[in-house]
Structures are given as C-alpha cells and as structure tokens.
Amino acid sequence: MTQKVVYLDNNATTMVDPKVFDAMKPYFCELYGNPSSMHRFGGQVMHAVDKAREQVKEFFGAKDAKEIIFTGSGSEGDNMAIRGILEANKNKKHIITTKIEHPAVLNLFKYFEKQGYDVTYLGVDSVGNLDLNELSNAVNEDTALVSMMYANNETGVILPVEKAAKIVKQKNPKTKVHVDAVQAAGKIPFDVKNTDIDLMSIAGHKIHAPKGIGALYIKTGTLLPAFIIGGHQERGKRAGTENVPYIAALGEACEIAQKSLNYEMHEVKRLRDKLENGILERVYNAKVNGSTTNRVPNTTNIGFQYIEGELILLHLSDLGICASSGSACTSGSLEPSHVLKSMGVPFESLHGSIRFSLSRFTTEEEIDYVLKVLPDVIFKLNKISPYQKELKALEEKFRK
C-alpha cells in the first residue's frame, strides 16, 4: 500500500491547484500559437496573456497592467529588479538589505559587495522583527536601493515593508525600494498602489501555480533597463516568446489566491495554531522560533532543543510527513540557518529547528496525524541525545 504523504512544506513549493492546471491546458495543444503573430490564431493566445496580466495586476493592487512583467521565477524577479536599479543608477554605490533575506537576494547583495558596493545588512531582534530606526539611519544620499522581504520564508515573520518604504522615501526620495513578496503572496493582502514600494516580485509555485513562472511589479516611472535583450516582449524588458500556459496558470492562481485570502487568514491559521499548540503541549523540549503574532498564517518554525533537525526530518519522512529545516535553496548546506542565527536563536535550538508550512489544501486529519506520531519521534531522539542532563531539566520544568 502506498503511504499517504502529509505535505507540510508549502513554503518550499505548493501543489498545482487543479483549477489552475485546467486553465493552462488549452495553451499546450489547442491554442498553441505565438502571441506575437498577426493572425487571429495568435491573437487568441495574446488575449490569454493580457487576461493573466490583468489578473496579476489585481492581485498586486497595482494601478495599471503595464506595471506587471512576467518572469521565470521569484529569483529572476529579484535579479531583474536589483540588477536593473543598480544599472540605472551606476553613480550610486550604497545598497541596503536585511540579514534574513532569501538567498536570491542575500547572495546577490554579497556579489555586489565583492564588486565594490557598500552594503548595509540590517539586523532583526530575537523574534525576527526589523528595527526601522536602523533602516532610517542607514539611508543616505548615495543609497541606490533598499531590498527586503515581505515575509520570511523560514519563520513567516512579516516585515513592515510599507512603513519601511515610507521611511526610505522621506530620507531619500530617489532611493528605490524593492520587496521580495514571494512568501507573503496569497497569505496576506497586497495593495502596492497606495505604498512607496517601487518594485515587488512573486513566484507562481508558492501560490499553487507551476514552477517556472513569476511576476515583477514595476511602478510607473521606475526606470529599469532590459533584463533579457532581444524582441519586444514584456515591453522590451524581458525578450523571448511568452510562456503562455504558465502565464495563464499564474493569472488563474492569483485570482484564486485573492478569493481565498479569508480562508487562508482564518482556517489555515487555525490549523497552523492547532499544530503548533499541540506540539508545545506534548513535547517538553519544543519552542517556537520567531514572533507568534506578526507572521503569515501558514507558517510555524519550532526548535526541538538538544536534538538534530536532520534526524527529525528523516524520521518524519519515513512516516510520510514532509517538513523542512529552512529554505529549500539552502537544504544542501550543513550550516545552521542564517535567519535563526541572525535572530540569536541559542545553539540548543539552532540545529533542531523545523519549519512546518501549510496551505489551503492541508486537512484537519493531516494535522491530527502529525500530532499523533511526532511526539514519539522526538522522545526517541531525546533518548539518544548527548545532552541528557539538559533535557532532564527541561522535562522537570515542563511537568511543573
């Protein structure tokens, strides 16, 4: 009998919504024309691209569909925004980001640091919150760009990007603000038109569209050179024949995600809280990493003190449960999470921290199953931990 998979790694990627899959299917074998062709057959396909762009515009809360550029991924959107702004402002050599960014942004800033840029890496407190005073003090006349995530991929903690953008513009109106909204998309509402944010990127595979499609919002008036030089596609900013099936999928996924926000913010949150509270009630060496109030509704990051996260994941995987120890983009590394290290998470939790991330397809039965089997996994690993004295003290404190 095939073991049922309980998938709680939705911050890594999500299943494609069957409705999204249905929306993209016609553009493979039926309406397969090139959207740039002059004939009616191609025109039908361009209509799908235009419709999707309008759907994504509504999702962002943008003013104009022309502000939306389709990309191949969240990482591409981040690169297009950051590289483009720096190319358009070659005389400015100061850039700002945070220490808890996804590798798509953090490693790009490290690259530009090696190229001679002055980089400010903003810190966070013990629960992952950003210090806006530090940001305000960092912005100067030479600051070309500030780039930060909307929600952290490991902890789910939400950064005050709208307030941050306002502060940046007050200090230097010419500084551009980019937001990596990959992990916030579909979990909290967007309304970019009423903010000082200049650029915002999302990835389709985080909101139940396929991998290989994303979008970048570019506020009208923001100068951004071509990222891929060639044809006229995407208003000359990203050449190449449009990936129509995936664009149609992203448009449908954005529309569904927007309609599902209430469910996400209430029912998914209820299941996340049930899982989190259930673990804390059953496991004496469990502790939440990050803010329990200022976060997206689907994510919890729990540190299991004095045991190894990799062992936890292997045992859970044997039971059909999929979770993560952090970003999927750094899963090949044995180094502890840079996010948790930046938060000052102590060593006893740092290596044993597990991220559980739900979606609107997560069921009550799946959460019940995890709560049934996970405590036994942790208790078994506790018995082989070399920190028996410390675990005993935690257990005694828990029992009181």
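The following exchange concerns the two domains of this predicted model and several of its buried residues.

Me: On what basis should the values be read, and which atoms are left out of side-chain values?
Reply: This is a predicted model in which local features need pLDDT of at least 70 and side-chain atom pairs count only at pLDDT 80 or more, while totals for chains, interfaces and linings use all residues. Residues are numbered from 1 along each chain as its sequence is written, and side-chain values use heavy atoms, leaving out hydrogens and water.

Me: How far apart do the C-alpha centres of domain 1 and domain 2 lie?
Reply: The bounds come from an automatic or database domain assignment. Domain 1 covers 18-259 and domain 2 covers 261-399. The separation of their C-alpha centres is 30 Å.

Me: Which three residues supply 29% of the area that domain 1 buries against domain 2?
Reply: Contact (heavy atoms within 4.5 Å) joins 32 residues of domain 1 to 27 residues of domain 2. The buried area, meaning the accessible area (1.4 Å probe) that two parts lose on being put together, summed over both, is about 2500 Å², with 59% of it on carbon and sulfur atoms. On the domain 1 side, more of the buried area comes from one trio than from any other three residues: Glu154, Thr155 and Lys187.

Me: How many residue pairs are in polar contact between domain 1 and domain 2?
Reply: The salt-bridge rule, a side-chain nitrogen of Lys or Arg within 4 Å of a carboxyl oxygen of Asp or Glu, finds zero across this interface. A polar contact is a pair of N or O atoms within 3.5 Å; within protein, one must be able to donate a hydrogen and the other to accept it, and residues adjacent in sequence count only if both atoms are side-chain atoms. With both residues at pLDDT 80 or more, the count of pairs is 10.

Me: Which helix gives the most to the side of domain 1 that touches domain 2?
Reply: Helices (H or I, at least four residues) and strands (E, at least two) are DSSP runs, numbered from the N terminus. Helix 5 (103-114) and helix 8 (244-259) each supply at least two residues of that side. With four residues, the greatest contributor is helix 8.

Me: Is histidine 208 buried or exposed?
Reply: Histidine 208 is placed in the loop between strand 7 (199-203) and strand 8 (214-218), and its side chain reaches the backbone oxygen of methionine 15 at 2.8 Å. Buried means under 20% relative accessible area, exposed over 50%, and partly exposed in between (1.4 Å probe, protein chains only). Because its relative accessibility is 4%, histidine 208 counts as buried.

Me: With the side chain of which residue does the side chain of arginine 360 make a polar contact?
Reply: Arginine 360 sits in the loop between strand 12 (353-357) and helix 13 (364-383). Its relative accessibility is 15%, so arginine 360 counts as buried. Among the residues that arginine 360 touches are His208, Ile256 and Tyr263. The side-chain partner, at 2.8 Å, is aspartate 17.

Me: The side chain of threonine 195 reaches the backbone oxygen of which residue?
Reply: Threonine 195 lies in the loop between strand 6 and strand 7 and counts as buried because its relative accessibility is 10%. Not counting residues up to four places away in sequence, threonine 195 touches Glu162 and Lys219. The backbone oxygen reached at 2.8 Å belongs to valine 192.
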